[in-house]
Amino acid sequence: MIIFGWGDQHFKDFGPIFEMECRECGKNEYWHLYEVSEWVTLYCFRIIPHNREKILMCPVCRSYQSLDAHQFDELLPHAQANKAYLEKEALLTKRKERTQSGSWHNQRSHNSGDHKIVCKHSANRIMQGIFLVVLLIAFFLIIILSESE
Ligand SMILES: [Zn+2]
């Protein structure tokens, strides 16, 4: 049973920085700024961080470049701004989807209005049918009555 250990890695994502072609996987993607901390653990609990590394990481294959503190500090505000922007965009698209589904709902209720008109038409047809049946019955009654005389 492992009680005490280290090497439990924790990745903190600060956001995307810039588009870069990865040497490992060849993909053109936005690399993210991360802080990787290794923790001394007791049971499963993280107790002390003992190694912190600042890196730029490919989101596809997770290969990375190490950064020094100065580089990290320079990139950090960009990463945070990009992340905030993306979160705002995600919120906006969510809202858009909601309004789109709203208009779809309106369209549906509009269609159900059409459906009501169709029902009215069929109600008229039923009335016409009943009227015809009544006419036929009256017609037969007249014939039967005139024959019995
Ligand atoms: Zn890659």
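pLDDT is the predictor's confidence in each residue, on a scale from 0 to 100. The structure shown here is a predicted model, and its chain averages a pLDDT of 82, with 83% of the residues scoring at least 70. Confidence varies among the elements: the mean pLDDT is highest for β4, at 94, and lowest for α1, at 77. Over residues 106–114 the pLDDT stays under 50, and for this stretch the model has zero contacts beyond four places in sequence.

The secondary structure of the chain consists of four strands and one helix. Read from the N terminus, the order of these elements is β-β-β-β-α. The helix, α1, spans residues 69–148. Of the 149 residues in the chain, 6% are buried. Among contacts with a separation of 6 or more, 49% link residues that are 24 or more positions apart.

The pairing of strands may be followed from β2 onwards. Strand β2 covers residues 28–42, and strand β3 covers residues 45–57. These two strands run antiparallel and are joined by eleven bridges. Within this pairing, valine 40 stands opposite isoleucine 48 in β3. The hairpin of β2 and β3 has two residues between the strands, and tyrosine 43 in this hairpin takes a positive phi near 55°.

Strand β3 also pairs with β4, again in an antiparallel arrangement, here through four bridges. Two opposed pairs illustrate the register: methionine 57 stands opposite tyrosine 64 in β4, and leucine 56 stands opposite glutamine 65 in β4. The hairpin formed by β3 and β4 has six residues between the strands. Arginine 62 lies in the loop between β3 and β4, and its phi is positive, about 65°, although the residue is not a glycine. Arginine 62 is classed as partly exposed because 13 other C-beta atoms lie within 10 Å, a count between the limit of 12 or fewer for exposed residues and that of 20 or more for buried ones.

After β4, which spans residues 64–67, aspartate 68 occupies the loop that leads to α1. Aspartate 68 has 8 C-beta neighbours inside 10 Å and therefore counts as exposed. The C-alpha atom of aspartate 68 is separated by 6.8 Å from that of lysine 54, a residue 14 positions away along the chain.

The interior of the model can be approached through its largest nonpolar core. Six residues make up this core: Trp31, Leu33, Tyr34, Leu56, Cys58 and Ala79. Strand β2 supplies the largest share, three residues.

Two members of the core show how it connects to other parts of the chain. Tyrosine 34 lies in strand β2 and counts as buried because it has 22 C-beta neighbours inside 10 Å. Leaving aside neighbours within four places in sequence, tyrosine 34 is in contact with Phe11, Lys12, Asp13, Phe14, Ile55 and Met57. The C-alpha atoms of tyrosine 34 and alanine 79 are separated by 9.5 Å, while the two residues are 45 apart along the chain. Both tyrosine 34 and alanine 79 belong to the largest nonpolar core.

Tryptophan 31 is another member of this core. When residues up to four places away in sequence are not counted, tryptophan 31 touches Pro16, Ile17, Phe18 and Met20, together with Leu56, Met57 and Cys58. Leu56 and Cys58 are themselves core residues. Met57 appears among the contacts of tyrosine 34 as well as among those of tryptophan 31, and methionine 57 is the residue that stands opposite tyrosine 64 in β4.

Technical notes: Residues are numbered from 1 along each chain as its sequence is written. This is a predicted model: local features need pLDDT of at least 70, side-chain atom pairs count only at pLDDT 80 or more; totals for chains, interfaces and linings use all residues. A nonpolar core is a set of buried Ala, Val, Leu, Ile, Met, Phe, Trp, Tyr and Cys residues joined through C-beta atoms within 7 Å. Two residues are in contact if their C-beta atoms, placed from the backbone, lie within 7 Å. Two strands pair if DSSP finds at least two bridges between them.
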